[in-house]
Amino acid sequence: MVALNIFINFGAAFGWTSGRKLGLLATILIGFAAFVKVERNKHNALLDLKLFGSKPYAGAAASNFLLNAVAGTLIVANTYAQVGRGFTAFQSGMLSLGYLVAVLAMIRVGEKILQRVGARKPMQWGASITTAGIAMMGLTFLPDLTYTVVVFVGFCLFGFGLGIYATPSTDTSVSNAPSDKVGQAAGVYKMASSLGGAFGVAISAAVYGAFAESTNLAAAATAGILVNVAFGLLAILAIVTLIPKGIGRAEDEMEKTEMAVSESYNQ
């Protein structure tokens, strides 16, 4: 993981075909292969790869990784606001304040939607709203006042969507793991959040820096933001393809419990 982060962050500085970069790439590939081989050993496994055999769990973990990767938006948007638009650090921070407020306000709303319609829809809605908010921040061609308003609204939508997504996604990951693997499943899910944020920031910053050296800051910011839009779209794709319809709905869970009790009684 360290080698991969260095590869992403310093690729341009080292030269993509340099010996150092090729050595890092070899370390990444060999390390990944060794990790998979060791983890297939039931006695020594830190991570049971069979967890990802469950589509709902795989969808929740993958979309969680990708939606946390959009954290790179914060780096790119705030850097551009200060360097490209002349905002102070305080003004830049205030510009993203709506993000925090929206996240905190919408978490309980996501829980209520989960109970009514299941996990798939709020996860999909949340990821879509977040992606739309991020895309708005890439409109760097707008004049100062208009851009400021658009970015503020974009940050609000960013947090709004993540707040809706959070609880249904967490519930899906935990409830679809084997009963004896719940702790491990929750740990992997949380690890996906941390790794997603780390790689998202690294990749977004690398793209922004590379474009900033060869073109103007507005174009560089747009390129960095588009990377995060791509992460958001991939998260939506993971949800649509892996999360079944109706999963997590309170009525469905009650029906499953009643059926299990009935079958147990009959046996």
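This report describes the pockets and salt bridges of a predicted model.

## The largest pocket

The largest pocket holds about 860 Å³ of space. Its lining comprises 26 residues, and those closest to the pocket centre are M1, F32, F35, M191 and L195. Four helices each supply at least two residues of this lining: α1 (2-9), α3 (19-39), α4 (55-69) and α10 (182-214). Helix α10 gives the most, with eight residues. In chemical class, the lining of the largest pocket consists of 22 nonpolar and four polar residues, and charged residues are absent from it.

## The second largest pocket

The second largest pocket has a volume of about 310 Å³. It is lined by 18 residues, of which N64, N68, L162, A166 and S193 are the closest to its centre. At least two residues of the lining come from each of the helices α4, α7 (97-117), α9 (144-175) and α10. Here helix α9 gives the most, contributing six residues. The lining of the second largest pocket contains eleven nonpolar residues, six polar residues and one charged residue.

Helices α4 and α10 thus appear in the description of the largest pocket and again in that of the second largest pocket.

The table sets out the two pockets side by side.

| Pocket | Volume | Lining residues | Helix that gives the most |
|---|---|---|---|
| Largest pocket | about 860 Å³ | 26 residues | α10, eight residues |
| Second largest pocket | about 310 Å³ | 18 residues | α9, six residues |

## The salt bridges

How many salt bridges does a search of the whole structure find? The search finds two.

One salt bridge joins D144 and R85, whose closest N and O atoms are 2.7 Å apart. D144 belongs to helix α9, whereas R85 lies in the loop between α5 (72-83) and α6 (89-95), so the pair ties together parts that are 59 residues apart in sequence. R85 counts as buried because its relative accessibility is 17%, and the cut-off for buried is under 20%.

The other salt bridge forms between the side chains of E111 and R108, with an N to O distance of 3.0 Å. Both residues, E111 and R108, lie in helix α7, where they are three residues apart, about one turn of the helix. E111 has a relative accessibility of 25% and therefore counts as partly exposed, a class that lies between the limits of 20% and 50%.

Terms used: Residues are numbered from 1 along each chain as its sequence is written. This is a predicted model: local features need pLDDT of at least 70, side-chain atom pairs count only at pLDDT 80 or more; totals for chains, interfaces and linings use all residues. Side-chain values use heavy atoms; hydrogens and water are left out. On a 1 Å grid over the protein atoms alone, a cavity is a set of points where a 1.4 Å probe fits but cannot get out, and a pocket is an open set with protein on both sides within 12 Å along at least five of seven lines; lining residues have an atom within 4 Å of a point. Grid points are joined across faces, edges and corners, and a volume is the space filled by probe spheres set on the points. Ala, Val, Leu, Ile, Met, Phe, Trp, Tyr, Cys and Pro count as nonpolar, Asp, Glu, Lys and Arg as charged, and the others, Gly among them, as polar. A salt bridge is a side-chain nitrogen of Lys or Arg within 4 Å of a carboxyl oxygen of Asp or Glu. Buried means under 20% relative accessible area, exposed over 50%, partly exposed in between (1.4 Å probe, protein chains only).
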